Amino acid sequence: MPASPGQHQASERGFLPWQSATFILLLLGCRILLFASANAAPPAPSPVKFEDIAELAGLNFVLDNSPTSQKHLVETLPGGIALFDYNHDGLIDVFFTNGAELPQMEKTNKKYSNRLFRNEGNFRFKDVTEEAGLGGSGYSIGVAVADFDNDGNIDLFVAGAYHNLLYRNRGDGRFEDITSKAGIQSDQLSVAAGWFDFDQDGRLDLLVINYAKWTPSFDRYCGDRERDLRVYCHPKYFDPVPNQLYRNRGDGTFENVSQTSGIAKYLGRGMSVAFGDYDQDGRIDAFITNDNLPNFLFHNLPNGTFEEVALHAGVALLDSGSPVSSMGTDFRDLDNDGLPDLVFTALRGETFPVFLNQGSGQFRDFTYQSKIAQESFPFSGWGIGIFDFNNDGWKDIFTANSHVDNLVETFVSGEYAQQNTVFVNQQNGKFLRDGAAGLLVKRPHRASGFADLNNDGKIDVVVSCFGEPAELLKNVSPDHHAWLILFLEGTKSNRDGIGAVVKIGNQTNIMTTAVGYASSSYSGVHFGLGDQTVAKKIEIQWPSGIRQVLTNVPLNQVLHVRESLQ
């Protein structure tokens, strides 16, 4: 949870002199020109345009966080979304997590049910929660999807307040709750999770992200008693906790290796996780955002342990040396140099930090040079995704925005309900917020999910909102650039191919389902390919170490690729 209003007065006043782009330019010199030559004038990027069609599509969901006058911490956290094809019909379906009645944290009414909507095609969705068995229990927050048992069906993990759920997809349209049998614990305030094969044994392991020590009995009054204005308490009042890593045994059960792997040694207030091989050593690493504490970058070592290197790598803090309200994150190559970069959301005035991968295990805070600092300054972000929304060959950034506290406007000059934003990649190291993208509605947005929901090659977005209808943002960007989406099937690697790195020309992307705030997007590996007519060469580096090359691949298609047995 980000800090409550009034806790970030310094950041609300604006940029400090030594944080200015001019100072950093002098400090870094010509090395900041990372995207393109200073003499090269990139073409003007194509516009990005969205249209909210949730009501028309039948995607009728309202996120109920069960707000109370007591301002329970957990009320700020729900909203996770999963986009995945649960029934193998070639269409991406939508799952929403939901809250529960407080303080008992029980789903006492159907309005608190988690919900699954089946994609019927042509942007029509049907609520199939009951028949799928996914209504859930407890106070649910985050979600992570993947085929953990390699049976070809995508399974689902729900993170919640002392109530985690692991569902096995039976392949017949129903899910089976196997939490207890699998050995997954529910002893923390869990807000997010992600699947990755950390030990490269071909089975997906589960990293659960925990926020802090909190129970409903916590009753500290934060705010202004004289004006009877109670707000959510600052994160400093909640002690940090360790995250949890579960190793997949391959028999439907998991071993808690949090201690032996080194993960449990580090205490944080975790919000989200993203995966990438930042140092290109062939092993997938994990970046975890922490709320008002330094972030974690867990470097995956070959002996089954992790080394926390965020400070050394330059992503623990901003260049200012201060932690921010780090929330949703994504871990992809922004500048087409073949190295995964990091972006995450934070509160108004803290900006949405951008860290560019410099190689050799180092990142550089590029927030001001990229113009994201200036463009994001008024916003408080939650969900985030790095995708090429206009298919021009350069990845853009989408954020779902709203402040943490509905009373923020009584304390500072900020807004609670905010519009979402898309920052279009200008192909020269800078991003421009597209004010004409159709993202004008101000709501208490939270999480976001990303996928091509109608198989037209354009990435659409689903956004959850507190107490208001969820948004289905159909991508109606005008240009018809070429595209390609790859769905991978591992043979020696895990069935999903999670962790595989795909390269087409100068573009690199990763197969991952951990995207944004407390959410999961199983949407393949998407490439916008501009005016290209064919993919002359596609290189896939599988988690098993196998390198596979495809040549002269036709574009504008969803391509299913099976891992070579070489």
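Let's start with a hairpin: strands E34 and E35 form one, with two residues between them, and Gly505 in the turn has a positive phi of about 60°. Keep in mind that this is a predicted model. Besides the hairpin, this briefing looks at an open sheet of four strands and at Gly270, found in strand E18.

**The hairpin**
- E34 covers residues 501-504, and its pairing with E35 is antiparallel, over four bridges.
- Across the hairpin, Ile504 sits opposite Gln507 of E35.
- Strand E35 spans residues 507-510, with Gln507 and Asn509 pointing one way and Thr508 and Ile510 pointing the other. Whichever way they point, all of these residues are buried.

**The open sheet**
- The strand order here is E6-E7-E8-E9, and the pairing is antiparallel.
- E6 (140-146) and E9 (175-177) are the edge strands; each has a single partner strand, so one side of each has no neighbour in the sheet.
- Going from one strand to the next, the twist averages 25°.
- E6 and E7 (residues 155-160) run antiparallel and are joined by six bridges.
- Ala146 has Asp155, in E7, as its bridge partner.
- As background, strands in a sheet pair through backbone hydrogen bonds.

**A look at Gly270**
- Gly270 belongs to strand E18, which covers residues 270-276.
- Is Gly270 buried or exposed? It counts as buried, because its relative accessibility is 0%.
- Leaving out residues up to four places away in sequence, Gly270 touches Val191, Ile209, Asn210, Tyr211, Ile288, Thr289 and Asn290.
- Asp251 is 19 residues from Gly270 along the chain, and their C-alpha atoms are 29 Å apart.

Key
Residues are numbered from 1 along each chain as its sequence is written. This is a predicted model: local features need pLDDT of at least 70, side-chain atom pairs count only at pLDDT 80 or more; totals for chains, interfaces and linings use all residues. Side-chain values use heavy atoms; hydrogens and water are left out. Two strands pair if DSSP finds at least two bridges between them. Axes are lines fitted to C-alpha atoms, for helices over the stretch in contact, and angles run from 0 to 180 degrees between N-to-C directions. Buried means under 20% relative accessible area, exposed over 50%, partly exposed in between (1.4 Å probe, protein chains only). Contact means heavy atoms within 4.5 Å.
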